[in-house]
Amino acid sequence: MRVIDFMNMTSGGYHEKQIEYNMTGLLAEIKQHFPEDINPNFSDPKYKKIIENHPFAPLLTGTLAKELGIDKEVLTLELWRDLSNGYCPAKYLLEGSLLSNKVVETERGPMVKLNKNPTPIVAGEYRPDLQPKDKRIGTEFVFGLGQNTSNALTALAIADPSVEKKFADIAKDIFIKNIIPQMEIDGGIRKGKDGAEIDYTSGLLIACFQHIENRGTDTSGPEPFRHFHFDILNTAMGEEDGELYSVMNDLICQNKEVYTAIFQEHLKPALEQNFGLTFKPIYLDEDRDNEYLADSERNITSWDVDDKFLPQSLRTELGKRTKEMEEFARSQGHGGFLAMEIARKESREDKSELSPSELKAEWAKWYQRHGFSAEYMKAHQDFNQVKEVEPALPTGAELMSNFMRKHKDIAFTENQWKAHVTKQLLGLTTGEKAREYAEKIFNEEGVLILEPEKAEYYKDFIEGRITDPREYKQKQIRYGRDVRFTSKTILKMEEYVVESSKARIRETKFQLDKTKIFKAIMDFEKAQKPFKGKPFQFAKGQKEAAIAALTDKGSIINIAGRAGAGKSTLLKVVVQQYEKAGFEVIGTSTSDQATKELAKSTGMNAEKCCNTAELFIAFKAGSYKFKPNTVCIVDEAGMADTETFYKLVKASNEAGAKLILVGEKEQLQSVGYGGLFKAMNERFVTKAVTDINRQIDTKDREMVEDFACGRANKAIDYLHSKGNVVIKKTNEGRLKQIVKDYVTDPKAYTEKFIVAATNLDVDTINNAIRAELKSQGKLEGPEVKIEGKDGIRRDFMEGDRIIFTKKQKSDNAGTEREKISNSERGTVIGFTRLTNGKLNTIRVKLDNGEEHFLNLGKPLNIKHGYASTVHKSQGSTKDSVYYWVSPTLNNLHQAYVACSRHRETLKMYLSNDMVESTVNKLDGKPPTKGMVKTAQLIAKKENIELAPETLKSFKETREFLNKHTYKMGSNGEQVPTQENVLDSFKQIFMAMSQTAFKKTTFDYNLGKEEEYSKYHEVKSYLSNRLKKAMGMDNDNKPLSKPQAVPIAERKPEQAPQQSKEIPIPMHVLKRLQAQRAIAAGIHVVKDKVKEIFKPEPTPEPKQPKKPEKKLKLNKGRVM
């Protein structure tokens, strides 16, 4: 019961088969009542009831659909083709519509042009092939129900067909009354020269399809899965002028969870009341699988019907089918529901489609085998569910902590917070009370923050010095979009970490004698084996870091070391000297593997090393506490979030212990919220270890240093000059190449690996490598299917590489049974069978030489290990590394880590497809300084007005440069330049280097009273617009009739009834006649033409009044 996926639509063809499918069902229904009607006109009133009662008829809705006169029309294939190509037939327009002056004559007849760049029409046919291939025609969301809910509703509908219409009406009501009004508030438009101005919309155009099944796999047919494809077409009506523009969908996409909360808030109680269903919470995957969390700490992401409604045998079979679907999706390289749906639609033959009634007939037989029916459900239905009047709700601190762990950023919007709280509380109270509680906590806990450059941009607006109404409105709109909040709790934690550490900077109890440490370092160097025939010697940075860690004052020291610069080696000295002096030395990291490597590389007692999650559990249980003489080494400290830092520093302060923070801010950032390691580097003693020695080739070391310093251009040019940047046209081409290069590399598996950013890419590469190895006979014996803890079953053979995805207890006999660390790698060396021949265990040999048996009678934390994610690779070193650059690349840290793992060889793999996909995902990320400077010079030279938003967006700046940058053609004409793949990729990397670091509250300005006042001004305006769109007045009282958001000075105020005649309305014909006359050169009376084309006057916007109510003010840093 949530938004399960969304994507930009670049083709309307995907839905054409769906519409044909829906039309088939509707035509069949009409034929039953009117057998003589061969080609029915859906506008004929005699079909009205049939159409209204058809639960699967696509819905055309939104304020713009009403204005176009199509909100009551059937979405035929022909109408969909028009709309998805940027046109609407003029014949549907209402008399007096503001859109009458948007009608143009086309080869397909009179049309309303829905945006500035509709699809070209050639010889009466749409030619999308003449458009840019990534042109957005809309944004598609999928709202889906859970597996149990889908099957429960299906069983009820099999017993009572009226259930389908009842459910469809409930969902339609929620979309129209609750979700679409919010989307129309969130949507925006750009107007003015080169889109320099932005504005609110007064209406969107949306097509909604209901489906009751998934697509199944090649081996199993479709199963019940109720979901709605919700397509927001790329056209919107401006709030002030009623003109049509393309949709700014950034806030709509950002607010995915807001729409999920609205959907759940209204659908869950409707299903409880109308069908007697009861629900269980569905937890966020990462929380569900986190063994360290209690249920009260887990975040609820959705709701599904209780298990008791379905027989166990049916749920077991459904679970198997779900796993098959997930396995199939991953084997095909599909990363989301929509991608899978598109692939299925494109590959499936029409004849394989079954109507809803045919599907339900098949499912009825299937249900019967399991004893499942509406009758079975009766024993569990409850039509008298009542929420407690005063339920015990989680505290604000608990809700905020859980939200921040899920949100993973210290900055959030008010809507994001409220959506989260609503979802968490729907099992305890009503949606209305949940929202009220969320508002209460927000006002108590929320603190307004602005990035310093944005605070400067809005200074005149906040201080009330803008007198021009248009400029005022522009700043007002942008301010509402840019304001963020953090919480008092986060402010307190980050302030505590910094200020309490400052208070201990003069402590001396951890200082050792400097002379003795100098001698100890020299003795250590002499004891090491020579390197390449030369005596071992620490680099200058290593020596300074070791000396500072052992002899400087204070409770915290930072060792910031480059990847491969020998941090572990210098820490050996630190561990030895502190232990020799009688101190307790322990080690920790956020990662199991990093913690294990820390113990191994420094000689620490492995029993005194554990990951931070285990350490905090020990703190809470009282089984371990820091002591006054404890020195805690925190490895990979850059991956620790704000809460982790807070808990470590607090425990250290309470005991009087010391922390040695080791890592590099340029490497992978924290997965959670906040990035305090960078802030600590800037405020406390930090010793840099910069002499890289991992790579054999000194030029490779320079390349790694270039990545670390943000000089991506230079690093990539170097790799390219060596022939180590592989560029293919398609992703398929680069996949074949990376597989070939890896398989033909003669190095042992233990000395080579492939790294990629996402699990989906990793799975795709692993599957391709296994296929190649099998074809070459390099994998032996039977193929055994093993279920992973993630629910996916994977095939393994003797010789397969594996990686452990989480800690795993081995099943070795006797005392040898132990935990295998997360990210540990190994090779399958065999399988064992019981005396009856049944497979019993898998036998693996880890890269560290250990051998383990794992029982196949339970799910295991293993996956194929030829390729792994960049996160899994941090801390590893291999001779050969192959870097698959993923389209989801969103920071330079990722590339730096990937490109610093090798000793000898690094290869990078790109494709045209990947670069274009990455650029699209960079929408909203800032461009490089060079791109901005070039764009500004061109704008000045060509007298082009550059929108501020353009220079904030990498994608839009790139499009501007591609549009306005020319070279001389062979005949002296200007020809647009075309970037090559490598240049585009370098721009992407440079953009990444500017936006990478996780932020803390120290990176923001805290809001003052004026900032809060302006925020409330915007909030009040949007709140009143939303109320009006939902049929409420400003005091939350129902209006006599729900109203659309009004356009300024709209005339007429109420839209008249649509004409029953389908021919072109007279007002449209007059406009077309004038157009044709002008085109033919016929003299037309000048004043008459002006009158026909005269637009409605647009009044100057008034400066909004200051609101009377204000948010509760939270200002200043609090301790």
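Me: Which strand is mostly covered, with five of its five residues buried?

Reply: Strand 18 (residues 584–588) is mostly covered, five of its five residues being buried. Buried means under 20% relative accessible area, exposed over 50%, and partly exposed in between, with a 1.4 Å probe and protein chains only. Strands (E, at least two residues) and helices (H or I, at least four) are DSSP runs numbered from the N terminus. Please note that this is a predicted model, in which local features need pLDDT of at least 70 and side-chain atom pairs count only at pLDDT 80 or more, while totals for chains, interfaces and linings use all residues. Residues are numbered from 1 along each chain as its sequence is written, and side-chain values use heavy atoms, leaving out hydrogens and water.

Me: Which residues point one way from strand 18, and which the other way?

Reply: Glu-584, Ile-586 and Thr-588 point one way, Val-585 and Gly-587 point the other way, and all are buried.

Me: How should the pairing of strand 18 with strand 19 be read?

Reply: Strands of a sheet pair through backbone hydrogen bonds, either parallel or antiparallel. Two strands are said to pair if DSSP finds at least two bridges between them. Strand 18 and strand 19 (residues 630–634) pair in the parallel sense over five bridges; in strand 19, Cys-632 is the bridge partner of Ile-586.

Me: Where are the edges of the open sheet in the order 31-30-29-26-32?

Reply: Five strands form this open sheet, with antiparallel pairing. Strand 31 (851–855) and strand 32 (862–864) stand at the edges with a single partner strand each, so one side of each is left without a neighbour in the sheet. From one strand to the next, the twist averages 45°. Axes here are lines fitted to C-alpha atoms, for helices over the stretch in contact, and angles run from 0 to 180 degrees between N-to-C directions. Strand 30 (residues 839–846) pairs with strand 31 in the antiparallel sense over five bridges, and His-852 in strand 31 is the bridge partner of Val-844.

Me: What lies across strand 3 and strand 5?

Reply: Helix 4 (residues 77–84) lies across both, running at about 140° to strand 3. Three strands form an open antiparallel sheet in the order 3-5-4. Strand 3 and strand 5 (residues 109–113) pair over three bridges in the antiparallel sense, with Pro-89 opposite Met-111 in strand 5.

Me: How is the crossing of helix 8 and helix 15 described?

Reply: Two packed helices are described by the angle between their axes and the distance between the axes. The axes of helix 8 (residues 256–275) and helix 15 (residues 414–425) come within 8 Å and cross at roughly 35°. Among the residues that meet are Glu-257 and Gln-264 in helix 8, and Asn-415 and Lys-423 in helix 15; contact means heavy atoms within 4.5 Å.

Me: Is Thr-429 buried or exposed?

Reply: At 3% relative accessibility, Thr-429 counts as buried. Thr-429 lies in the loop between helix 15 and helix 16 (431–445). Leaving aside neighbours within four places in sequence, Thr-429 is in contact with Lys-387, Pro-391, Leu-393 and Ala-434. Thr-429 and Lys-387 are 42 residues apart in sequence and 5.7 Å apart in space, C-alpha to C-alpha.

Me: Which residues of helix 30 are buried?

Reply: The buried residues of helix 30 are Arg-734, Leu-735, Gln-737, Ile-738, Val-739, Asp-741, Tyr-742 and Val-743.
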